[in-house]
Amino acid sequence: MRSCGALPKLDPLQVPAVLVSGHAPFCWAKTPKEAAHIAVVVEEIAAMAIQTLAANPKARPISRHLHEKHFLRKHGGTAYYGQK
C-alpha cells in the first residue's frame, strides 16, 4: 500500500481519518460504506473525549509508548491480537 502525501510514513488504511482545524474530519476506506463507518467512529471518539475533559479537565493523553504498544499488537509486523 502506498503512503499518502500528507502522511508520508503511514499506511492510509491503518490511519483512515485526519482532523483538520475548522473542517469536518476526512475519512477514507476501501468502500464508501466503510468510510462512513469510520466517520461515525471518529464522532463517537470526539464525544468520549469531550466527556472525559468535562469529567476531569486535567486528563491527558496516554504516552506514545503505550499508544504504540496497543497499536502494534494488532497492526504491527508481529501482531498477536485480533483477527487476521
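In this predicted model, the second largest pocket comes out at about 260 Å³. Its lining is made up of K9, L10, D11, Q14, V15, R64, H67, E68, F71 and L72. Sorted by class, that makes 4 nonpolar, 2 polar and 4 charged residues.

Two of the charged lining residues, R64 and E68, also pair up with each other: they form a salt bridge, with 3.1 Å between the closest N and O atoms. The total for the model is 1 salt bridge. Both partners sit in helix α2, 4 residues apart, which is about one turn of the helix. As for solvent, R64 has a relative accessibility of 58%, and because the cut-off for exposed is over 50%, R64 counts as exposed. E68, at 36%, is partly exposed, since that class runs between 20% and 50%.

Then there is the largest pocket, which holds about 660 Å³ of space. Its lining counts 21 residues, and A17, L19, V42, I45 and H67 are the ones nearest the centre. Three elements each supply two or more residues to this lining: β1 (17-18), α1 (32-55) and α2 (64-75). Helix α1 chips in the most, with 7 residues. As for chemistry, the lining of the largest pocket splits into 16 nonpolar, 4 polar and 1 charged.

H67 turns up in both places: this residue lies among those nearest the centre of the largest pocket and is also part of the lining of the second largest one.

Definitions and conventions:
Residues are numbered from 1 along each chain as its sequence is written. This is a predicted model: local features need pLDDT of at least 70, side-chain atom pairs count only at pLDDT 80 or more; totals for chains, interfaces and linings use all residues. Side-chain values use heavy atoms; hydrogens and water are left out. On a 1 Å grid over the protein atoms alone, a cavity is a set of points where a 1.4 Å probe fits but cannot get out, and a pocket is an open set with protein on both sides within 12 Å along at least five of seven lines; lining residues have an atom within 4 Å of a point. Grid points are joined across faces, edges and corners, and a volume is the space filled by probe spheres set on the points. Ala, Val, Leu, Ile, Met, Phe, Trp, Tyr, Cys and Pro count as nonpolar, Asp, Glu, Lys and Arg as charged, and the others, Gly among them, as polar. A salt bridge is a side-chain nitrogen of Lys or Arg within 4 Å of a carboxyl oxygen of Asp or Glu. Buried means under 20% relative accessible area, exposed over 50%, partly exposed in between (1.4 Å probe, protein chains only).
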